Amino acid sequence: MPDPAAAGPISLLLAQPAGSLTGVLFIAGVGLAGACLSLLAELLIRRALPRLGGPLTVRMRLTTAAATFALSALLAWRFGLSPELPAYVLLAVAGVQLARIDLQHHLLPNRMVLPLLGAGIVLLGAAAGVSGEAGSLLRGVAGASIMFVLYLFLALTSRNGLGMGDVKLAAPLGLYLGYLGWSHLFYGGALGFVAGGVASLLLVLKNRGNKPKEVPYGPSMLAAGLAIILLLP
């Protein structure tokens with residue numbers, strides 16, 4: 001049986017029975033689960049990291065829940081009923097919350113980034129065990145190391161505003177991208193860096209040529225990584 005994670009979104013869609021209500025309900029159900037997990041994540045963040053958990057307006061909560069719903073549904077469309085799906089839904093849930101925190105506080109907390117890496121290794125390890133794809137997990141771990149070292153080098157040698165939080169976030173992103181393939185790792189890492197540079201340039205233009213001291217690269221990195229995961233077969 002072909003691996004659903006490697007089929008690509010178009011193939012997965014065509015693989016569904018024509019007008020399949022089951023397929024639609026599955027995708028919607030995963031999206032709803034992601035939105036509920038987003039609300040639960042906000043509660044846990046408020047308790048564990050009260051300074052970063054709020055205050056959140058109703059509009060912000062609805063926005064993060066809607067974004068997580070959309071990403072989770074798209075990931076269900078991308079992966080189908082495969083053992084990798086829970087790991088990537090977790091990335092969507094945590095990624096939306098990390099992006100929100102980085103935009104609000106210019107911070108990517110270790111107490112969220114490091115558990116994302118650890119949980120990713122566990123969930124993708126379980127998926128690799130079920131599907132017999134141990135090589136994918138090893139490639140993912142290698143991807144985490146490569147992305148971490150690359151972003152650390154960029155943070156230490158350039159003046160583009162990369163912080164250590166961005167460097168640490170590169171590790172779980174490298175894990176999730178590398179698990180799918182070397183091309184995912186390459187394009188996800190490259191697109192994240194380019195997207196961060198574009199975001200920085202837009203901020204400079206918005207501030208009339210004055211570059212802000214802190215640029216939130218986390219949202220750009222996460223958006224680029226998830227885009228590659230969703231779009232690249």
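Okay, before the first helix pair, one definition: when I give an angle between two helices, it runs from 0 to 180 degrees between their N-to-C directions, and the axes are lines fitted to C-alpha atoms over the stretch in contact. And keep in mind that what we have up here is a predicted model.

So, let's start with α2, residues 21-48, and α4. These two pack with their axes 7 Å apart, at an angle of about 140 degrees. That makes the pair oblique, because roughly antiparallel would need an angle over 145. The crossing of α2 past α4 is right-handed. If you want to look at the contact itself, the α2 side includes Phe 26, Ile 27, Val 30, Gly 31, Gly 34, Leu 39, Glu 42 and Arg 46, and across from them on α4 you'll find, among others, Arg 61, Thr 64, Thr 68, Phe 69, Ala 73 and Trp 77. Sorted by type, the residues of that contact come out as 12 nonpolar, 6 polar and 3 charged.

Staying with α4 for a moment: how far apart are its end C-alpha atoms? They are 31 Å apart, and since 22 residues, 58-79, should span 32 Å at 1.5 Å a residue, that agrees. Buried residues in α4 include Thr 64, Ala 65, Thr 68, Leu 71, Leu 75, Arg 78 and Phe 79. Then, just after α4, Gly 80 has a positive phi, about 65 degrees.

Next up is α5, residues 85-105, and one residue in there, Gln 97. Buried or exposed? Gln 97 is buried, because its relative accessible area is 0% and the cut-off is under 20%. What does Gln 97 touch, if we skip its neighbours within four places in sequence? The contacts are Ser 38, Ala 41, Glu 42, Ile 45, Thr 64 and Met 112. You've met a couple of those already: Glu 42 and Thr 64 both turned up in the contact of α2 with α4.

Moving along the chain, His 106 is in the loop between α5 and α6. This is a residue other than glycine with a positive phi, near 55 degrees. His 106 counts as partly exposed, because its relative accessible area of 34% falls between 20% and 50%.

Now the second pair, α6 and α8, with α8 being residues 164-180: their axes cross at roughly 15 degrees and come within 9 Å. An angle under 35 degrees counts as roughly parallel, so that is what we call α6 and α8. The crossing here is left-handed. From α6 we have residues including Asn 110, Val 113, Leu 117, Gly 120, Leu 124 and Ser 131, meeting α8 residues including Lys 168, Leu 169, Pro 172, Leu 175 and Tyr 179. That contact divides into 13 nonpolar, 3 polar and 1 charged.

Last stop, α10, residues 218-231. From first C-alpha to last, this helix reaches 20 Å, close to the 20 Å expected for 14 residues. Of those 14 residues, 11 are buried, so α10 is mostly covered. One of the buried ones is Ile 228, at 13% relative accessibility. Which residues does Ile 228 touch, not counting those up to four places away in sequence? Leu 177, His 184, Tyr 187, Gly 188 and Leu 191. Take Gly 188: in sequence, Ile 228 and Gly 188 are 40 residues apart, but C-alpha to C-alpha they sit 5.7 Å apart.

That's my tour, thanks.

Methods. Residues numbered from 1 in each chain as written. Predicted model: local features only at pLDDT ≥ 70, side-chain atom pairs only at ≥ 80, totals over all residues. Heavy atoms only, no water. Helix = DSSP H or I, 4+ residues; strand = E, 2+ residues; numbered from the N terminus. Expected span 1.5 Å × (residues − 1). Buried < 20%, exposed > 50% of the residue type's maximum accessible area, 1.4 Å probe, protein only. Parallel < 35°, antiparallel > 145°, perpendicular 65-115°, else oblique. Left-handed = near helix turned anticlockwise from the far one by under 90°. Contact = heavy atoms within 4.5 Å. Nonpolar A, V, L, I, M, F, W, Y, C, P; charged D, E, K, R; others polar.
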